[in-house]
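Subject: The structure you asked for

Hi there,

Here is the structure, with the sequence alongside. Have a look at it first, and then read on for what turned up.

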Amino acid sequence: MYPFTPSNRPGTVTTTTDSPVQAIPVYPATDFRVSDGAHLGDPVSYMDELVLDDIYMLEPGAVQRRLTLATLGDGSFRIAANSELGRPDATLHLDCALQFMTPDGTTSEALILIETDADDLVAGTYLLPLATLVPQTDYRLVGADHDTARRKFAQVACVSFTRGTRITLATGAQVPIEALKVGDRVLTRDDGAQEIRWIDHSTVRAAGAFAPIVITAGTLNNEGDLIVSPEHRLFVYQRSDMIGAGRPDLLVKARHLVNGDSIFVQQGGYVDYFQILFDRHHIIYAEGIAAESMLIDPRTRPALPEDLLDRIGSVLPGPGHRGASGFDVQKALLDRPDAIDLLRRASLN
């Protein structure tokens, strides 16, 4: 183990049940090693240990594993109890963002997360790729910085709709999200008509953690294909508890519903992601079904422009506010071949 000095050291904070929890697919550092360069044979490490122009390669047979983290009120991270990797409750630091280039000129990005022990020694290093890494491919390290890491991680956590998604207004009209503007009144399930406080979009490569999820028309009673970011949660009200959650009001992450058929990951090319923000977290209607708006919490705040936070920060909900109600469905309840059919029928019967 090596001593580690984080660029932004958090205070002493303990995990609470209100801490937002997120599972991210990562590679242990030992799966991504220098194949040519100054640190030949060494695994990827934190920024102070890296050398530009070193060439990395993904180990044959490497598989991404689940790192589950809780985001605390001050924006720091702890490893959650059900994580596949790491020691529960250990401190986790978001160290830096890396940029790589392949021989054909394609660029890709990844984030480095560092787990430390009680003595601030490195206990684990993890690579979160923001694009798909291919074995037996040379990845030349061409950039590394601390400053953009938190914003890029926030973008992964943000819930986003894609261009063309029809949003239901208070009038009942369905309007493509790219045509909406601040002040438009949108129909919410929990609080009637609400004005849009902020709306923006970004264009990213549709790969890795940013590859959108396609929910084909009719799968969950949606009128058209609904294409959203992987972390986006859909709201399902069960008239009868067919899924066995013990609650009628469910929030289901899009990535937990992927079956490779009616719901699938759309890899390749670029995707326009739109974020829509109200004075608080709401359930709105997209392609005729209920889905959440952007939730501001310690994970996602860095994705907002500084001038916006300065302008409307006083009206945004605090870290403890979870907004629209609903029970987060764990993936284990959805690991059954008839899960999607059950959710669709439960909302009708």
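Ala 97 has Asp 145 as its bridge partner in E9. That pairing belongs to a set of five bridges that join E6 to E9, and the two strands run antiparallel. Please keep in mind as you read that this is a predicted model.

E9, which covers residues 139-145, also pairs with E3, residues 55-58. Here two bridges join the strands, again in the antiparallel sense. If you want a place to start looking, Ile 55 stands opposite Arg 140 in E9.

Back in E6, you may like to click on Met 101. This residue lies in the strand that spans residues 91-101. Is it buried, exposed or something in between? Met 101 is partly exposed, because its relative accessible area is 35%, and the partly exposed range lies between 20% and 50%. What does Met 101 touch, once its neighbours within four places in sequence are left aside? Its contacts are Thr 106, Thr 107, Asp 138, Tyr 139, Arg 140 and Val 142. Arg 140 is thus a name you will have met already, as the residue opposite Ile 55. Asp 53 is 48 residues away from Met 101 in sequence, yet the two C-alpha atoms are 9.6 Å apart in space.

Further along the chain there is a hairpin, in which three residues join E13 to E14. E13 takes in residues 185-188 and E14 residues 192-195, and they pair in the antiparallel sense over four bridges. Within this pair, Arg 185 has Glu 195 in E14 as its bridge partner.

Now for the charged side chains. Side chains of opposite charge can pair when their charged atoms come close. How many salt bridges does a search of the whole structure find? The search gives twelve, and here are three of them that you can look up.

One of them is between Asp 184 and Lys 181, with the closest N and O atoms 3.2 Å apart. The two residues differ in exposure: Asp 184 counts as buried, because its relative accessibility is 17% and the cut-off for buried is under 20%, whereas Lys 181, at 52%, counts as exposed.

Another is formed by Lys 253 and Glu 231, whose closest N and O atoms are 2.9 Å apart. This pair links distant parts of the chain, 22 residues apart. Lys 253 is in strand E19 (residues 249-253), while Glu 231 sits in the loop between E17 (226-228) and E18 (233-237). Both partners are buried: Lys 253 has a relative accessible area of 14%, and Glu 231 comes out at 8%.

The third is between Glu 292 and Arg 233, again with 2.9 Å between the closest N and O atoms. Glu 292 lies in strand E23 (residues 289-292) and Arg 233 in E18, so this salt bridge ties together parts that are 59 residues apart in sequence. Glu 292 counts as buried at 2% relative accessibility, as does Arg 233 at 6%. There is also a network to look for: salt bridges with shared partners join Glu 231, Lys 253 and Arg 255.

Happy browsing, and best wishes

Methods: Residues numbered from 1 in each chain as written. Predicted model: local features only at pLDDT ≥ 70, side-chain atom pairs only at ≥ 80, totals over all residues. Heavy atoms only, no water. Buried < 20%, exposed > 50% of the residue type's maximum accessible area, 1.4 Å probe, protein only. Contact = heavy atoms within 4.5 Å. Pairing = 2+ DSSP bridges. Salt bridge = Lys/Arg side-chain N within 4 Å of Asp/Glu carboxyl O.
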